[in-house]
Amino acid sequence: MDIPGPINPPARLLMGPGPINVDPRVLRAMAAQLVGQYDPYMTATMNETAALYREVFATANAHTLIVDATARGAIEAAFVSLLEPGDRVVVPNFGRFGHLLVEIAQRCGAEVHAIDLEWGTVATYEQIADEMARVQPKMLASVHGDTSTTIAQPFDGLRELCDRYGSLLYADVTASLGGNVVDTDAWGIDVATAGLQKCLGGPPGSAPATFSERAVAAIDARRPDLIRSNYFDMAMIFDYWSDRRLNHHTEATTMLFGARECARVILEEGLTNCQGRHLLNGRAMLAGIEGLGLIPFGDIEHKMANVVGVHIPDGVDGDAVRETLLHDFGVEIGTAFGPLAGRIWRIGTMGYNARQDAVLITLAALEIVLRRHGARVLTGGGVDAAYEVYATA
Ligand SMILES: *Cc1c(COP(=O)(O)O)cnc(C)c1O
C-alpha cells in the first residue's frame with residue numbers, strides 16, 4: 001500500500017459548538033510519556049485529577065472521577081449503572097441531547113416520561129413539577145446547556161422537587177461546565193457528567209463525572225451483577241478510583257493527563273474568572289451577530305454564555321457560507337440538527353477560543369463571506385459592536 005503521510009492537520013479556528021482548539025498546555029501535557037497503571041505517579045495523578053474536578057464541579061463529592069469515554073459514554077455509564085428495567089425517569093426534552101437522554105434511558109429499560117418542548121425554549125418549573133407529581137420517578141434527568149439549541153435549563157427548585165418524590169437528579173453539563181455557573185452541590189445535583197471538548201478546553205474522549213453519596217448508594221444497591229455493562233459499570237469504576245485500586249480497564253493515561261491539565265488551566269485562571277471570560281466573549285459575539293444585522297436564535301434570556309445560534313438569512317445557502325469560511329479563512333462554525341437543520345448556524349466561544357481575537361476574526365470573516373454569498377450585512381457592524389462590548393466591560 002501507499003502509506004499515508006503523517007498527521008498534519010490544516011490550521012483551523014474552531015468556532016463551532018465543539019470540539020474547539022485545544023489549549024496548547026493541554027496538548028503538551030498529553031505528549032508526556034506513560035507510567036504504569038499502578039505506578040505511584042499514576043495513582044497520585046488520578047487522585048489529583050479527582051480533587052481538581054471537585055473544584056470545577058463545585059462539589060465535595062468523594063466520587064468524582066474521569067470516565068474514559070466521550071461525554072455520551074459518561075451519560076451511558078451513569079444511566080446503565082443507576083437505572084433498572086421499569087424505573088421511571090422524567091426528562092425535559094428541549095434539544096438533541098435531551099433526545100439522547102431519553103434514548104439512553106430507554107435502552108436501559110426505563111419507563112421514560114419526556115416533557116417535549118420546542119427547540120430554543122426550556123421547561124418551566126411548573127411543567128417539571130407537574131410531571132414529577134404525576135410520575136414520581138426514580139430520576140429526573142436534564143441536560144443543563146444543550147449545544148444543539150444554545151439554551152440552558154434553570155435548575156432552581158429541582159432539588160426540592162426530587163426530595164419530595166425521593167428522586168435522583170441527573171444533569172448533563174457537558175456544554176456548560178467551566179463556561180457557565182454549574183453549582184453541583186448548591187443545586188443538589190446527584191450526578192453530573194461532562195466532556196473536555198467544550199468550555200474545558202480539551203479534546204473529546206475524556207468525561208469528568210461526579211456522584212453524590214445518594215447516587216453511590218443507589219448504584220451500590222445494584223451490586224453485584226445487575227449492571228448490564230461491564231465497561232460502564234460505575235460500581236467497578238468507583239473501586240478502581242478508590243484506594244483499593246481494583247483493576248477495571250487501564251485508565252486512559254494520556255487522556256487523564258489532558259483532563260488534569262484542563263482543570264489546572266481553569267483553576268489557575270479561577271473558575272469564576274473563566275466563567276466571566278466566557279460570558280464576556282459570548283456577549284461580544286452576540287452583539288457582533290446583531291451588529292451585522294443577523295438575528296440570534298432562541299430564548300436569549302436562557303442562552304448559554306458560550307454558544308449562539310444565528311438565523312441563516314433568507315436566500316443564503318448556509319452550508320455554502322460555512323464552506324467558504326472554512327476554505328478561505330480557516331474558520332469553522334457549526335451547522336444544526338433536527339428541526340433547526342438548514343435554519344441556523346451555531347457559533348461557539350468556548351474554552352481556549354473564548355478570546356477577543358478569535359471573536360473579532362470570526363465576525364470579520366463572517367461579514368465578508370456573507371457579502372460574497374449575496375447577504376446584506378452592515379459593513380463593520382459586527383466587529384464594531386463586539387469592540388463596544390469589550391470597551392465597556
Ligand atoms: C457535546 C455534547 C454531548 C456529546 O458529547 P460527546 O463527547 O460527543 O459524546 C453531550 N451532551 C451535551 C449537552 C453536549 O453539548
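Two residues are in contact when their heavy atoms lie within 4.5 Å. The structure is a predicted model: local features need pLDDT of at least 70, side-chain atom pairs count only at pLDDT 80 or more, and totals for chains, interfaces and linings use all residues. Residues are numbered from 1 along each chain as its sequence is written, and side-chain values use heavy atoms, with hydrogens and water left out.

**View 1. Domain 1 meets domain 2.**
The domain assignment splits the protein chain into domain 1 (24-269) and domain 2 (271-392); such bounds come from an automatic or database assignment. Their C-alpha centres lie 29 Å apart. At the interface, 29 residues of domain 1 are in contact with 26 residues of domain 2. The two domains bury about 2300 Å² between them. Buried area here is the accessible area (1.4 Å probe) lost on putting two parts together, summed over both. Carbon and sulfur atoms give 63% of this area. On the domain 1 side, Trp119, Thr150 and Glu269 lose the most area to domain 2. Together these three give 29% of what that side buries.

**View 2. The domain 1 side of the interface, element by element.**
Across the interface of domain 1 and domain 2, the rule finds one salt bridge, meaning a side-chain nitrogen of Lys or Arg within 4 Å of a carboxyl oxygen of Asp or Glu. Ten residue pairs are in polar contact across this interface, both partners at pLDDT 80 or more. A polar contact is a pair of N or O atoms within 3.5 Å, one able to donate a hydrogen and the other to accept it; residues adjacent in sequence count only if both atoms are side-chain atoms. Four elements give two or more residues to the side of domain 1 that touches domain 2: helix H2 (40-57), strand E6 (145-146), strand E7 (151-152) and helix H9 (253-269). Helix H9 gives the most to this side, with three residues. By residue type, this side of domain 1 holds 13 nonpolar, eleven polar and five charged residues. Helices (H or I, at least four residues) and strands (E, at least two) are DSSP runs, numbered from the N terminus.

**View 3. Arg159 forms salt bridges with Asp163 and Asp190.**
The salt-bridge rule gives a count of 18. In the pair Arg159 and Asp163, the closest N and O atoms are 3.1 Å apart. Both residues lie in helix H6 (residues 158-165). They are four residues apart, about one turn of the helix. Arg159 also pairs with Asp190, at 2.8 Å from N to O. Arg159 sits in helix H6 and Asp190 in the loop between strand E8 (168-172) and strand E9 (191-193), so this pair ties together parts that are 31 residues apart in sequence. Arg159 is buried because its relative accessibility is 13%, where buried means under 20% relative accessible area, exposed over 50% and partly exposed in between (1.4 Å probe, protein chains only). Asp190 is buried too. Asp163 is partly exposed, at 45%.

**View 4. Glu269 and Arg277 meet in a salt bridge.**
Their side chains come to 2.7 Å, N to O. Glu269 is partly exposed at 27% relative accessibility. Arg277 is also partly exposed, at 23%. Elsewhere, a network of salt bridges links Arg25, Glu261, Arg264 and Glu268.

**View 5. Asn353 makes polar contacts from a loop.**
Asn353 is found between strand E13 (344-348) and helix H12 (356-372). This residue is buried because its relative accessibility is 1%. Its side chain reaches the backbone oxygen of Leu14 at 2.8 Å. The side chains of Asn353 and Asn21 are in polar contact, also at 2.8 Å. Neighbours within four places in sequence aside, Asn353 touches Leu13, Leu14, Met15, Ile20, Asn21 and Ala358.

**View 6. Asp233 lies in a loop between two helices.**
The loop runs between helix H7 (213-220) and helix H8 (234-241). Asp233 is buried, with a relative accessible area of 6%. Beyond residues up to four places away in sequence, Asp233 touches Ser81 and Ile227.

**View 7. Phe329 lies in helix H11.**
Helix H11 spans residues 318-329. Phe329 is partly exposed, with a relative accessible area of 39%. Its contacts, leaving out residues up to four places away in sequence, are Thr324, Ala365, Ile368 and Val369. Arg245 lies 84 residues from Phe329 along the chain, and their C-alpha atoms are separated by 49 Å.

Technical notes
Nonpolar A, V, L, I, M, F, W, Y, C, P; charged D, E, K, R; others polar.
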